[in-house]
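Please open the structure in your viewer and keep the sequence panel visible beside it. The tour below proposes one selection after another and says what is found at each stop.

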Amino acid sequence: IDLFHSCGIMDIIVVTGHRADEVGQLAVNAGARVVHNADYEDGMFSSIKTGIRALHPETRGFFLLPVDIPLIRRGTIKLLTEAFTSFPLAIVYPVFQGRRGHPPLITTSLAQHILNYDGPNGLRGLLDQVDRQSITSVRDIAVPDANILFDMDTLTDYQTGIDLYGKRDVPT
């Protein structure tokens with residue numbers, strides 16, 4: 001939440017599931033809007049859809065940042081935002097050493113496609129389909145941020161994340 005606020009992005013939506021009251025209160029205290037996904041046990045894609053439904057109508061694009069990818073740099077958000085300004089009907093991906101990472105910046109022109117999608121692999125499946133069928137343009141933006149690929153799923157990942165935290169603003 002602080003990351004996006006520091007980049008001038010003020011409307012932050014946090015989608016809650018498990019431990020919704022606790023997580024929601026922390027998110028509100030940090031300056032975010034909270035929406036609850038009652039179907040969170042159905043997986044992350046149901047939470048993505050919940051968040052999309054909460055977007056304001058005038059929203060042109062949205063970042064998608066899972067909570068387990070915590071060390072994204074301000075410079076990355078700024079590079080993606082600048083690219084989206086030039087390509088407002090695109091999906092803008094951060095890329096480090098040839099690999100796409102998080103957070104993608106997704107045009108809201110895809111919102112209804114995402115809400116209607118029930119195919120395999122959730123959002124990844126839809127975005128792959130968008131890429132193949134040229135439903136919208138896709139832009140890969142090279143960023144000096146290995147943290148776009150750092151996913152914190154295990155205790156070992158968490159310990160690595162603690163070590164990386166102090167260096168999170170140093171370009172890789």
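How do the residues of the lining of the second largest pocket divide into nonpolar, polar and charged? They divide into 9 nonpolar, 1 polar and 3 charged, where Ala, Val, Leu, Ile, Met, Phe, Trp, Tyr, Cys and Pro count as nonpolar, Asp, Glu, Lys and Arg as charged, and the others, Gly among them, as polar.

Before going further, please note that this is a predicted model, in which local features need pLDDT of at least 70 and side-chain atom pairs count only at pLDDT 80 or more, while totals for chains, interfaces and linings use all residues. Residues are numbered from 1 along each chain as its sequence is written, and side-chain values use heavy atoms, with hydrogens and water left out.

**First stop: the pocket**

The second largest pocket holds about 200 Å³ of space. A pocket here is an open set of points on a 1 Å grid over the protein atoms alone where a 1.4 Å probe fits, with protein on both sides within 12 Å along at least five of seven lines, and its lining residues have an atom within 4 Å of a point. The volume is the space filled by probe spheres set on the points, which are joined across faces, edges and corners.

Select Met44, Leu64, His102, Leu123 and Arg124, which are the closest to the centre of this pocket among the 13 residues that line it. Then colour helix H3 (44-53) and helix H6 (122-133), each of which supplies at least two residues of the lining. Helices (H or I, at least four residues) and strands (E, at least two) are DSSP runs, numbered from the N terminus.

**Second stop: from His102 to the unusual backbone**

Stay with His102 and add Pro103, since the peptide bond from His102 to Pro103 is cis, with omega near 0 degrees. Pro103 is found in the loop between strand E5 (99-100) and strand E6 (105-107). Most residues other than glycine have a negative phi, and most peptide bonds are trans.

Next, select Gln97, which is not a glycine and yet has a positive phi of about 50 degrees. Gln97 sits in the loop between strand E4 (90-96) and E5, and with a relative accessible area of 72% it is exposed. In this tour buried means under 20% relative accessible area, exposed over 50%, and partly exposed in between, with a 1.4 Å probe and protein chains only.

Asn121 is another residue other than glycine with a positive phi, in this case near 65 degrees. Look for Asn121 in the loop between helix H5 (111-116) and H6, where it is exposed, with a relative accessible area of 63%.

**Third stop: salt bridges**

A salt bridge is a side-chain nitrogen of Lys or Arg within 4 Å of a carboxyl oxygen of Asp or Glu, and by this rule the count comes to 7 salt bridges. Begin in helix H6, where Asp128 and Arg124 lie 4 residues apart, about one turn of the helix. Their side chains meet in a salt bridge at 3.8 Å, N to O; Asp128 is partly exposed at 31% relative accessibility, and Arg124 is partly exposed at 43%.

Now select Arg100 and Asp140, which form a salt bridge whose closest N and O atoms are 2.8 Å apart. This pair links distant parts of the chain, with Arg100 in strand E5 and Asp140 in strand E7, 40 residues apart. Adding Asp131 to the selection shows a network of salt bridges that links Arg100, Asp131 and Asp140.

**Fourth stop: a surface patch**

What kind of patch do Leu155, Tyr158 and Ile162 form on the surface? The patch is nonpolar, with about 330 Å² of accessible area together, an area that comes from the Shrake-Rupley method with a 1.4 Å probe. Patches of this kind are made of residues with over 30% relative accessible area and no salt bridge, with nonpolar side chains (Val, Leu, Ile, Met, Phe, Trp, Tyr) joined within 5 Å. Leu155 belongs to helix H7 (residues 155-165) and counts as exposed, at 58% relative accessibility.

For the last selection, take Met152, which lies in the loop between strand E7 (137-142) and H7. Met152 and Val67 are 85 residues apart in sequence, while their C-alpha atoms are 8.7 Å apart in space.

Key: Patch = residues over 30% accessible without salt bridge, like charges linked within 9 Å, V, L, I, M, F, W, Y side chains within 5 Å.
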